[in-house]
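I opened this model to make some short notes for a reader new to it. The entries follow the order in which I looked things up.

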Amino acid sequence: MTREKKTKKIDHIYKYLPKSASGISGLDEITQGGLPTGRPTLICGDAGCGKTLMSIEFIVKGAILYNEPGVIMAFEETGQELAMNVASFGFDLEQLQKDKKIKIDHVHIDRSQIEETGEYNLDGIFIRLNYAIDSIGAKRVVLDTIENLFAGLENEAILRAELRRLFSWLKEKGVTSIITGERGNGMLTRHGLEEYVSDCVIFLDHRVIDQVSTRRLRIVKYRGSVHGTNEYPFLIDEDGISVLPVTSLGLEKQVSYEKISSGIPALDKMMGGKGFYKGSSILVSGTAGTGKTSMAAYFANQACNDGKKCIYFAFEESPRQIVRNMKSISLNLEKHVSKGLLRIHASRPTLFGLEMHLVSIYKAIREFRPDVVILDPITNLITVGGMSDVKAMLVRLIDFLQDEQITVMFTALSLNATVSEQTDEGVSSLVDTWLLVRDIESNGERNRGLYIIKARGMKHSNQVREFIITDRGLDLVDVYLGPDGVLTGSAREARKIEEETGVALRDYALNAKDREIDRQRKTLEAKISSLKNEFESAEEQLNRIYNEDILRKQVLSKTRDQMTKIRRGDEETGTAKIKKSKNEK
Amino acid sequence: MKNEKKWELRLYVAGKTERSVTALANLRKYCEEHMKGQYRIEVIDLLEKPQLAEGDQILAVPTLVRKVPEPIRKIIGDLSNEEKVLVGLNIIPAQSIIE
C-alpha cells in the first residue's frame, strides 16, 4: 500500500529528477521521494549522530523493500561489527549477504602498515567497488566513512583528485550512493567532501539541551529538487531511524461533522448541544487545581462509554494514581482499562527528549488506533524542550492526529491568570476549541469558572459557568446572575437563600393583604347592607307619609263631597257613607 | 629452501599502465640488488582478478605487499624512492635514513 503510493509519487517527479526512496520513515516525505537516483548524497554530522545507521538503513530498506541490492563499503567497521551493530534494529546483514542482496566490503587502512613512495592512484578501491557492484547488480552504494582515507594516506593531492574521480565514476556507474563524513571545523565535513558531492547534502545533528539530547536532520542542499529546508527531529529506536516531518504542510485535511461528547452534558450544551467535533483538538487550560485532569478523564470516560478507544498520555501521574484519583469523583476508569478501551501511558517528561516523546506517542497511536487522545499536561514538556520546540512538536502532533481523524484533548497549566489570556505554549491558535478553567476568587473563597474561549465552527455560549467537582462528578452549575454579575460558590448559595426568603416574605405579605382586603370587603358589605336598611326604613317612612297624604286627601275630598251633598239635601246617604268609610278605617 | 622463502612479495597492479610497469621494474631492481635469490615476486592484475583486492586490503595501485616475513607491510606508489621501499620492506633499518 505504502509502497504503491511511493512509486506513484516518484513517477510523478520523474520528469524532473529520478529519486530512490530511502525507505526511512519520514525522510522520503521531506525529500519528496528520496535521494537522487544515480547520484552521490553526502550525509554528514558529528560522531554518533546516526550517519552510519542511516546509510545502512538506506541499503537494507533498498534491498528489502525496493529490490535494489546494495554495497556497503565500510572504512571503519568490519562486516561483522556492522552486522552486530544493526542487528538490534532487526536488520539481518548476514542473511542479506547470503541472499546476495547486499555486499559488505570492509576497507582496512592501517597507516603503520603502509608506506608511500611515488605516484599511485586508488584504482584498488575502484576495482573493489566495481567488483562488489557487479557481483550483485547493486543499485545502491554506501561509503562509510571515506574520509578515513585521509588518515591512512599521506598524499592529500592524490587523494583529492582520486575522490573527485571516484564520485564522477559512481555517477557514471549510475548507482545511488551515500557518502558519510564527519563534521569538521566550520565545514560540513572534516576534509571538505561537500566539495565533491554537490547533489544532495544531508546534515545530521545531535544536540543536548538541558541534558536531553535531540537528533535533528536538515537537508542542506538538494540540487534539482524541492525539499523541506527545516531541521527535522529524528530518532533512533528499535525500528531504526524515523524522521518526523510536519506530515502535511498544506491544510487539506478531511473534516468531520460528527460530534463527540465531552462527557459533561452541560458543557456539551454550551457548545451547541453535542460536544466537540470529531478529529478536532481541544485545549483545556487553567491554573493548578482547577480540574483540568478531571475534565480530561471525563472526556476519556465518555469516549470509552461510547465504545471508542482512548489513549491517555500522562506526564504527571502514574496510571494507578489517575485511576485512584478519578474514583474520588465517581469515575471508574479501571473497567475501561481492563476492557482494553482505555490505555494510560505515563512517562516522566524528562525521561527522554521531545522527539522521543512524540515518536512514542506516534507509535502508541499507530498501534492502538484510538479515537480519542489525551495529553495531560503539555506544559510539563517544557521541562524537556523550549517553548518553541514544544510548539513545533504539538503542531506535528495535531497535524498527525487530524490526518487520522483522532480527537485530541490537551491540558495545559497556566501559571497565572494573565498568561492564560495569552497563549498556552502557543498552541491556542492551533487548537479548534479552547476551554479555560479559571479561579474566581471572591469573599475569601476560590471557585472555578469555566469558559469557552473559542470553539471553531460551533455556536458556543459566552457565559462564564461555575464548574464544580463533587463526589458525584463534574458539573456546571446553572448560571446565577446577580446584580453584580455571575455569582459563584457560597455567594451564589447565599443569594439563592436570600431570594428564597424574599419569596416567603412576599408570599406572607400577600396573604396578609388578601386578608385585609377580605376584611375591608366585609366591612364594606356590612356598611352597604346597613345603608340599604336605612334606606328602606326611610323609604317606608316616606311611603307611609305619602299614603297618609293620599288617604288624607281622599278622606278630605269625601268629606267635602258629603258636606256638599248634605248642603244640597241628600245628607243621609252622604253622611252614612262617610261614617261607614270612617269606621272601615 | 630457507633463503627462497625469506621474502614473499606481491605486487598489485591494475592493467599494464606506465606506472605499474615502472613499479615492477623498480621492484625487480631492488630485489636483485639486496636479496638476490631470496625472494619471490607475484604480480596480480586486479583488472583480471578483482576478487583478490579485498583479501589484501588493496586501496591504491600499484601496491606492493610483503607477505613474508610477517607482519604484512604495504608500500603504495610506483616504488620510485629506493630507500623508502627498502625501509618499508625492512631490508634496511629505518635508522640508516635518519643517519
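Entry 1, a glycine in a loop. I looked up whether Gly272(A) is buried, exposed or partly exposed. Gly272(A) is partly exposed, because 14 other C-beta atoms lie within 10 Å. The classes I used are buried for 20 or more other C-beta atoms within 10 Å of a residue's own, exposed for 12 or fewer, and partly exposed in between, with C-beta atoms placed from the backbone. I found Gly272(A) in the loop between α9 (265–270) and β14 (276–277) of chain A. Helices (H or I, at least four residues) and strands (E, at least two) are DSSP runs, numbered from the N terminus. Leaving out residues up to four places away in sequence, I noted that Gly272(A) touches Met458(A), Lys459(A) and His460(A). A contact here means that the C-beta atoms of two residues, placed from the backbone, lie within 7 Å. Between Gly272(A) and Met458(A) I read 186 residues in sequence and 6.6 Å in space, C-alpha to C-alpha.

Entry 2, the kind of model. This is a predicted model, in which local features need pLDDT of at least 70 and side-chain atom pairs count only at pLDDT 80 or more, while totals for chains, interfaces and linings use all residues. Residues are numbered from 1 along each chain as its sequence is written, and chains are lettered from A and ligands numbered from 1 in the order in which they are written.

Entry 3, chain A overall. I counted 17 helices and 25 strands in chain A. Of its 585 residues, 41% are buried. Among contacts in chain A between residues at least 6 apart in sequence, 69% join residues at least 24 apart.

Entry 4, where the chains meet. I asked how many residues each chain gives to the contact. Chain A gives 21 residues and chain B gives 28 residues. On the side of chain A that touches chain B, the elements giving two or more residues are β6 (114–116) and α6 (123–136). The largest share, seven residues, comes from α6(A). By class, I recorded eight nonpolar, seven polar and six charged residues on that side of chain A. Nonpolar covers Ala, Val, Leu, Ile, Met, Phe, Trp, Tyr, Cys and Pro, charged covers Asp, Glu, Lys and Arg, and polar covers the others, Gly among them.

Entry 5, strands across and within chains. β6(A) runs parallel to β4 (residues 73–76) of chain B, with three bridges joining them. Strands count as paired if DSSP finds at least two bridges between them. In this pair, Ile114(A) stands opposite Lys74(B). Inside chain B, I saw β3(B) and β4(B) pair in the antiparallel sense over four bridges, and a hairpin of four residues joins them. Leu64(B) is opposite Ile75(B) in β4(B). β3 (residues 63–68) of chain B is also joined by five bridges to β1 (residues 7–13) of chain B, and these two run antiparallel. There, Glu8(B) faces Val68(B) in β3(B).

Entry 6, two helices of chain A. I went back to α6(A), which has 14 residues and reaches 20 Å from its first C-alpha to its last, close to the 20 Å expected at 1.5 Å a residue. The expected span is 1.5 Å times one less than the number of residues in the helix. Its buried residues include Phe126(A), Arg128(A) and Ile133(A). Just after α6(A), Gly137(A) takes a positive phi of about 65°. I then looked at α13 (residues 354–368) of chain A, where 15 residues reach 21 Å, close to the 21 Å expected. Among the buried residues of α13(A) are Leu354(A), His357(A) and Ile365(A). Arg369(A), just after α13(A), has a positive phi of about 50°.
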